Amino acid sequence: MRPNIVSEAGLQTRAGQWWDSIPFLTSAVVIVCGVIYLICLLVGYDTFYEICFLPEAVVAHFQVYRIYTSIIFHGSLLHVLFNMLALVPLGSELERIMGSIRLLYTIILLATSNAIFHLFIALVVAYNPFHPYDHFMNECAIGFSGILFSMIVIETTLSGVQSRSVFGLFNVPAKWYAFILLVVFQLLMSNVSLLGHLCGILSGFAYTYGLFNFLIPGPSFYAAIESSSWLASCVRRPKFILCSGGNPSAYIPTYTVQNTPSSGLLSGNIWRNVSSWMPQRETSAQSAQEDPRFPGRGRTLGSVQSTAVNSDSNLQARLLDNSRPTTPDTAAVGAGERLSNERQLQVNDVVSAGAGGYPLPQMPQVASEEQIQKLVSMGFERTQVEVALAAADGDLNVAVEILMSQQG
């Protein structure tokens with residue numbers, strides 16, 4: 001009997017599949033940070049004094065460019081490697097939820113808010129009348145880790161989990177997860193910016209609690225950028241994700257292995273969560289009949305999920321809880337249709353009702369105010385959020401799908 005083709009895949013093939021699963025903006029950030037580090041290594045630039053975030057220079061000389069140059073430079077190979085490996089699962093998941101342009105705007109917003117928090121705290125500590133301490137004013141901070149801590153807070157809030165695993169060693173309450181990581185990194189690593197990471201956490205909570213809502217533009221803003229001619233070449237790329245949640249040319253394949261430990265660097269759930277937010281596209285009935293595991297025309301590979309569900313529930317398990325059970329031997333690499341027919345019909349019904357102009361039926365209020373605020377903080381209108389949550393029976397993840405479909 002011929003061996004399974006999946007087991008025959010070499011390291012190069014697996015690496016290619018892994019890279020192809022990373023969305024457009026996330027992969028672009030990885031490339032930019034990696035190339036900048038290599039250039040600095042080749043030319044021998046290792047002081048970073050001119051580009052790091054230095055509160056004293058920002059205040060005295062108004063060098064605001066440091067807010068953005070500091071996040072793309074890294075001080076060592078381990079620094080850039082660790083940050084980029086952490087960015088891949090976090091950025092991929094958030095990009096599939098938000099879209100490429102919306103995530104870019106969010107990164108810029110978080111970088112700006114991180115710098116403002118950093119500057120404010122440094123000034124308060126340095127010029128307080130009780131015990132002035134100017135160390136933070138003269139601290140030179142570089143790296144993408146401040147943004148990563150903001151992403152950790154946002155992703156943890158959106159996932160709805162009650163606990164998180166710290167490097168697979170022990171579980172902590174989800175609301176304290178980012179703070180535990182902050183303490184762990186501070187204890188295990190030297191030359192780590194405590195204030196930079198702390199400000200990232202503060203920005204993440206400010207975003208999730210809706211404090212930045214007045215700074216977040218509506219869907220028309222992102223649609224106008226995506227439709228612009230100067231961005232057309234990027235939009236046409238298969239890995240680019242529109243803010244409406246769909247891709248006009250293709251969808252992103254992903255590589256998953258059934259019943260294996262998570263490869264997420266910061267959380268045991270991240271990689272398993274990523275595939276549940278894949279953009280969806282319809283497949284022909286003929287392709288589905290040929291082999292339901294591999295929809296399409298040989299361009300991408302599909303997969304279905306095993307009935308074994310880990311006790312630590314995650315986004316994918318919650319999205320697939322109503323789908324048909326399958327057997328473990330049907331698992332394969334790739335990403336196909338993730339939703340069952342019932343769930344897809346539920347989303348389509350709500351979208352067609354909103355677009356067709358006829359009133360939606362009255363549904364019981366099953367969503368809490370906290371759930372509504374989480375979705376409102378992502379930039380959706382409150383009325384649409386309430387309708388989507390009611391249609392989704394209070395399931396945040398299904399409500400996000402409905403809202404994204406309405407925008408499309």
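The unreviewed UniProt entry annotates "transmembrane region" over residues 21-45, 65-91, 103-130, 136-154, 166-188 and 194-216. UniProt positions follow the numbering used here, feature names are shortened, and such annotations may be inferred rather than shown by experiment. The model is predicted: local features need pLDDT of at least 70, side-chain atom pairs count only at pLDDT 80 or more, and totals for chains, interfaces and linings use all residues. Residues are numbered from 1 along each chain as its sequence is written, and side-chain values use heavy atoms, with hydrogens and water left out.

Take two of the annotated spans. Residues 21-45 are 80% helix and 0% strand. Their end C-alpha atoms lie 33 Å apart. Residues 103-130 are 89% helix and 0% strand, with end C-alpha atoms 41 Å apart.

Now the whole chain. It holds 19 helices and two strands. These are DSSP runs numbered from the N terminus: helices are H or I with at least four residues, strands E with at least two. Of the 408 residues, 46% count as buried, meaning under 20% relative accessible area (exposed is over 50%, partly exposed in between; 1.4 Å probe, protein chains only). The accessible surface comes to about 20500 Å², and carbon and sulfur atoms own 63% of it. Areas come from the Shrake-Rupley method with a 1.4 Å probe; for residues, only the protein chains shown count as cover. Contact means heavy atoms within 4.5 Å. Among contacts with a separation of 6 or more, 69% join residues 24 or more positions apart.

Next, a helix pair. The axes of α8 (residues 145-159) and α9 (residues 177-188) come within 9 Å and cross at roughly 150°. Axes are lines fitted to C-alpha atoms, for helices over the stretch in contact, and angles run from 0 to 180 degrees between N-to-C directions. The two helices are therefore roughly antiparallel, a label for angles over 145 degrees. On the α8 side, Phe149, Ile152, Val153 and Thr156 make the contact. Tyr177, Ala178, Leu181, Leu182 and Phe185 meet them from α9.

Look at one residue in each helix. Ser145 lies in α8. Ser145 is buried because its relative accessible area is 12%. Leaving out residues up to four places away in sequence, Ser145 touches Asn83 and His197.

Leu182 sits in α9. Leu182 is buried too, at a relative accessible area of 7%. With the same sequence neighbours excluded, Leu182 touches Phe149, Leu194, His197, Leu198 and Ile201. The C-alpha atoms of Leu182 and His197 are 6.8 Å apart, across 15 residues of chain. His197 thus appears in the contacts of Ser145 and in those of Leu182.

Methods:
Angles under 35 degrees count as roughly parallel, over 145 as roughly antiparallel, 65 to 115 as roughly perpendicular and the rest as oblique.
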